[in-house]
Structure formats: structure tokens, C-alpha cells
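The following exercises concern a helix and the nonpolar cores of a protein model. Please examine the sequence and the structure before attempting them.

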Amino acid sequence: MFNAAVVDPDTGSLEATAGLLARNPHVSSVACFRGYSDFFKEIEKGGIHLAFIRVGSPGFHGLSVARETFAVSPATMVVFMSDTGNYAVAAFEEGACGYLILPAEQKDLDELVDNLKKRVKGACWS
Amino acid sequence: MIRAIIVDDEQPSVEKMAKLLGDSGIVDVKGKFTNPAEALEFLKKTRVDAVFLDIEMPGIDGLEMSNRVIDLQGGVAVVFVTAYHEYAVEAFRLNALDYLLKPVSKDRLKETLDRIVVEKNIRVHPAPMQVNCFGKFKVVVGASEVRFRTVKAGELLAFLVDRRGSAVSRSEIIDALWGEYEGDRAVAHFNTTLYYLKKALLQHGAEAPVEHARGAYRLDPAGIDCDFHRFMSFIPASTGVNEFSIQEYEEIVALYGGEYLAGSDYQWAERNRIMLREKYIRMLIDIADYYKSAGKHDKTVEIMKAGLKHEQLHGGINFRLVEALLLLNDRISAARYYDMYRRKLRNEFGLEPDAAFKRLMR
């Protein structure tokens, strides 16, 4: 089972994504963050398998948050979220494992989690 | 080495990529194709680790091609190589490992290759440290077995190996290994044990591949050669066992030299122990069923006898062994194995072989 975290400055989409994650049978916990400082404290503790990070939102440096996440916790799989597909090439460059176009539906999220299950880096899944 | 093929309808692009991959020194280019259909035929017969795929090709495009590649070889890494940005979202949906824009630079390609090595657990250079988790836990550096000063030092190493590269917080490690101690005492035990672990490895000339960042620890899987990691990195193709995959299946089941971390009573290993045993048995049965359908009953006998060493009372294994012996007209051996199974089953559990097995012996 996966422990997930969602970082998104937009409360509406943050809650929507968290709701979708909570309904996925392979996700055991979802932690929500509107800013990155609390998110990093959580990441540093270890135990977050999936991090959903908002990119392309004005005033929020999603790419930097993703980079820091890779540095702090290389085993965490990062998923970029955006309302456009414009960051998908950058997501590959940064080493993201998934990309979610917002607003997302349950089937998009479930499909993404199935993909992630196939490429788990650590022992959270076996 | 990373075994790879390149598929691109333009010959110069194929050659350019082949040169870049060849120059990396860690890729063995198994095939170069300008025709996607030929590449698919090739993949029916040869296992690879990665496929470098152009997207815009006549006939089968790269996105469609990636689906067919995954159908043939489930665990393969798909890397798209294209001049266009617009397929990147779709590439994520197809679970591509990477997406490279042409012209591909050497540095960017190196990142891709690093990801393939990590994700597919590919051994590029031989690791100095050998770790055996099937059977008794054993660490060998060079030619000598590492002896740890305390039992816990070995357990700590086994615990980090069990996590396969995931970072684990110190508190999680302490809960698993020193649950009976509280606060500072537990931390002190942990610190001393980590010190003993590193020291024991250093005495054998190996540096512990344990990384520490912000309160969490991880063991770099690339730093060790581990039977359990190799076993776990195997992803069966959706086609199951066939004449092309059989060799790899046999290599993987041969890694199972006994129960996971046998002889230990580590609570934290229980889940993996059960999972690995089930996975082993399932693969063994798949192999036996393949050999039965191929009419190679002597091979079934060989594989099932090896399986009996670890799973003496498994009904499916005993049944297939006896069945194969009967198909080879070796009734005496069949009766002997059946009797042995029936006797043990009765003595240990007071049970009888199931009806299908009894019918087989009539």
C-alpha cells in the first residue's frame, strides 16, 4: 500500500486530488499540504511513497519542490499535476514517474496508481 | 549491461542513437530497426531491458508500438525519442520510463540510462559485496564471509537489504529492531550497531553502501549483488512461460536457495518470507506446466525434484513430479515419490493426498 502526499496551493484542487487518492484501494494514507515547508518536514521523516506536486501554479515553485523531494527522498515517486500538459517534458527531465492533468477523474488517478505499482522503487509494494 | 533495441523509421537517427548508446559503455545494442513490425518479431524471441522508440513512424506509431512491446515483455523500459513535445502526457499514460527530445544530448541520455539501471536493477559493474538472503543470511566480500560482532549488526544490514533501496526513518528501524527499548537507550543501540556494521564491512575492505540523509537511512541496491533483489526484479512477461522466456524463469527460480532469511525469527521479514515462498512456488508450477505442454517430462522431473528440497509437502509439486514420472513410464520412481509424500503428509498433518492425486496412482 502507498502513503501519498499532495502539495497544491489551490485548496479546491488539493482536496479534489486527495479525495480521489483516498478512494483508490492501493493508497493507505493521504497527507495534504498547501505549502512546501510542512511537506518537507513530512518527506524528511520518510515513509511517503508518492508525492503529487502541483506545477505551473502562479507563485508556487512546483519544479523546485520536486527537485528538493528527489534530493531528500530518492525512493519517493513524484507525480506532477497541472491544468495543462505543458510541463510533461519537464516532468520527464526531472525524473517524475507520472503526470496528472487537472481536473482529474477517478479513472485517471486509478490508472496512474496502477502504472506506479508496476515501477515501485522500494519495498512499499511487493 | 543494458540490453536495448532502437526503433526509428529514419536510418540516420537509428545510427546516431546506436552510436550514443554504444559510447556510454553500458549498453549492448541488440538490434536496430527501421521497421516496427520487424522489431516486434525480434522481441518475441529476445529479451531486452529497454526499447528506444521513435513516435512518428508510418504503419505502427511509437505509442501503439509501446503497448505491443509491453504485451510481449512486461518489465521492459520504454524510452520515447522524438522531435515533438506534444506526446509527453500520453507517454506518461503509457508508463514510459523517459521521453527524449531530438537531438539527444549525451548528458541527458546518461540520466535515462541511470534511471534504467536503477529501475530495472541492472548490474553494470560487478558489486564487491555479495548478499544472500535465501537460506541463511550471508554476506561475502571478495572470497570471505563477513562476521559481525553482534547479531543485531547482521540483522540491521538484512533489514536495510529487505527495503530494497527505500529510505527508512531511524524511528522505523528502531521500532523493528529495538522495539523493547525506549527513547535514548534505543537510539544508543542503533548507533552502536550501525558502527559495528560499518566496521565489520570495512575490515573486509568494503564500504557499507548505507546512505544517510535527514534522519533516514537507505542501502544503495547498486552497491550489492543480492539474490533477493535479483529475484524481485524479475517481472514475468504477460505471455507467461514460453520457449523464449523459459531460460530466464529457470535462472530466477534457481536463486531460491531456501526460505527467505532462514533460521532467523525476524518479525519484519515475515511478510516477504511468505510472499517470496508463494512467488517461488507459482513460478515453479508455471515452469512445470510449460514443460508438460512441451512434452519435456524429464525436465519437469528435474525442476520438481529441485522444488521438493524446499517444499517437501507441497501437493502441486509432488503431483507434477509423480505425473511426469508416470508419463515417462517410470512407475517405480513414481510410486516411491508418491509413498514418500503420503507418509510424510500423514505423519505431519494426519492428512491424505487429495482425490485427483489418488486417482493418478490407480
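Two exercises with worked solutions follow.

This is a predicted model, in which local features need pLDDT of at least 70 and side-chain atom pairs count only at pLDDT 80 or more, while totals for chains, interfaces and linings use all residues. Residues are numbered from 1 along each chain as its sequence is written, chains are lettered from A in the order in which they are written, and side-chain values use heavy atoms, without hydrogens and water.

**Exercise 1.** Determine which residues of H1(B) are buried.

*Solution.* Step 1: Helices are DSSP runs (H or I, at least four residues), numbered from the N terminus. Helix H1 of chain B comprises residues 11-24.

Step 2: Buried means under 20% relative accessible area and exposed over 50%, with a 1.4 Å probe and protein chains only. In H1(B), the buried residues are B:Ser13, B:Val14, B:Met17, B:Ala18, B:Leu20 and B:Leu21. Because they cover an arc of only 165° around the axis, they lie on the same side of H1(B); the arc is that of the directions from the helix axis to the C-beta atoms.

Step 3: On the other side of H1(B), B:Pro12, B:Lys16, B:Lys19 and B:Asp23 are exposed.

**Exercise 2.** Identify the helix that gives the most to the largest nonpolar core.

*Solution.* Step 1: A nonpolar core is a set of buried Ala, Val, Leu, Ile, Met, Phe, Trp, Tyr and Cys residues joined through side-chain atoms within 4.5 Å. The largest has 79 residues.

Step 2: Helix H11 (residues 270-293) of chain B gives the most to this core, contributing 11 residues.

Definitions and conventions:
Helices (H or I, at least four residues) and strands (E, at least two) are DSSP runs, numbered from the N terminus. The expected span of a helix is 1.5 Å times one less than its number of residues.
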